[in-house]
Amino acid sequence: MWYLPCKVFTVMELLKTKLFMPPVPSEMVHRPRLVERLLDGFKGKLTLVSAPPGFGKTTLLSECFSLSDLPVGWVSLDDDDNDPSRFWTYFISALQQIHPEVGESAMEMLESPQPPALETLLTELINDLADCGDSLGHLCVVVLDDYHVIDDKSIQKGVAFLIDRMPRQLHVVISTRVDPPLPLARLRARGQLSEFRAGDLRFTPEEAAALLN
């Protein structure tokens, strides 16, 4: 068992704009080949978009979801989110952008004066997701943008726990500058991981010409 810190964050203390998907820039090079790959990868559990800054990770994801009717919850992470209570409050809030009733009991646990063990919290959340499977629809997606800022080991362990056990209706997208310490090899071997690296995100000659023009 691993435990949440005593500090409790309520929904009212969250910065709501961190839950907004960034708008697609008005002037940009559309990348339908990558959008198609992204959508195809949602059949698994995790999509990893890992590349240095400047490769258009966030813009690509925003374009993908602006062109799709998939329900999506978004969290733009920052250094302050290395607190497990704060991180999971944001995560559940992103889910509730898709379905307001999902994670209600888990959120109550987070807001209690004595939060439970993190494994207990995540088990409750996963069971709730499974119970709400029909109302969630065929698929919903949660995007964790700028995940490289997260270095708290208990958060990493919790994300791995969630991805390994979450129901098929949920897909997680992680956008990061460096690979996270998650069981990527196991997910890759099981065909549950879709990956986008710097080489995938580089412009083709046609896209470069469109950018310059």
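## Notebook: salt bridges, a covered helix and a charged patch

I looked up D81 first and found that D81 is buried, as is K18. The model is a predicted one, and I read every value below as computed from it.

**Entry 1: the D81 pair.** I checked what the two buried side chains do. D81 and K18 form a salt bridge through their side chains, with an N to O distance of 2.7 Å. D81 sits in the loop between β2 (72–76) and α3, while K18 belongs to the segment before α1 (32–41), so this bridge ties together parts 63 residues apart in sequence.

**Entry 2: the D200 pair.** I then took up a second bridge, in which the side chains of D200 and R37 meet at 3.3 Å, N to O. I noted the places of both: D200 is in helix α9 (residues 198–201) and R37 is in helix α1, so that distant parts of the chain, 163 residues apart, are linked. Buried or partly exposed? D200 counts as partly exposed because its relative accessibility is 24%, where the cut-off for buried is under 20%. R37 is likewise put down as partly exposed, at 36%.

**Entry 3: the D164 pair and the network.** I looked up D164 and R165, whose side chains meet in a salt bridge of 3.7 Å, N to O. D164 has a relative accessible area of 27% and is therefore partly exposed. R165, at 43%, is partly exposed. I also traced shared partners: K18, D78, D81 and R86 are joined by salt bridges into one network. For the whole chain I get a count of 11 salt bridges.

**Entry 4: helix α2.** How many residues of α2 are buried? I find seven of the 10 residues in helix α2 (residues 57–66) buried, which leaves the helix mostly covered. I listed the buried ones as K57, L60, L61, S62, E63, C64 and F65. I then asked what covers them, and the cover includes α1, β1 (46–50), β2, β3 (140–145), β4 (170–176) and α9.

**Entry 5: G73.** I picked G73, a residue of strand β2. Its relative accessibility is 0%, so G73 counts as buried. I asked which residues G73 touches, leaving aside those up to four places away in sequence: they are A94, I98, V141, V142 and V143. I also took a C-alpha distance, and G73 lies 8.0 Å from C140, with their positions 67 residues apart along the chain.

**Entry 6: the negative patch.** I turned to surface charge. Which residues form the negative surface patch? I have E13, E101, E104, E108 and E111. E101 is placed in the loop between α3 (84–98) and α4 (104–110). E101 is exposed because its relative accessible area is 52%, and the cut-off for exposed is over 50%.

**Entry 7: the chain as a whole.** I closed with the totals. The chain holds 10 helices and five strands. Of its 213 residues, 51% are buried. The exposed area is about 10500 Å², and 53% of that comes from carbon and sulfur atoms. I also looked at contacts between residues at least 6 apart in sequence, and 82% of these join residues at least 24 apart.

Note on methods. Residues numbered from 1 in each chain as written. Predicted model: local features only at pLDDT ≥ 70, side-chain atom pairs only at ≥ 80, totals over all residues. Heavy atoms only, no water. Patch = residues over 30% accessible without salt bridge, like charges linked within 9 Å, V, L, I, M, F, W, Y side chains within 5 Å. Areas by Shrake-Rupley, 256 points an atom, 1.4 Å probe, with all protein chains shown as cover. Salt bridge = Lys/Arg side-chain N within 4 Å of Asp/Glu carboxyl O. Lys, Arg positive; Asp, Glu negative; His and termini not counted. Charge placed at Lys NZ, Arg CZ, Asp CG, Glu CD. Helix = DSSP H or I, 4+ residues; strand = E, 2+ residues; numbered from the N terminus. Buried < 20%, exposed > 50% of the residue type's maximum accessible area, 1.4 Å probe, protein only. Contact = heavy atoms within 4.5 Å.
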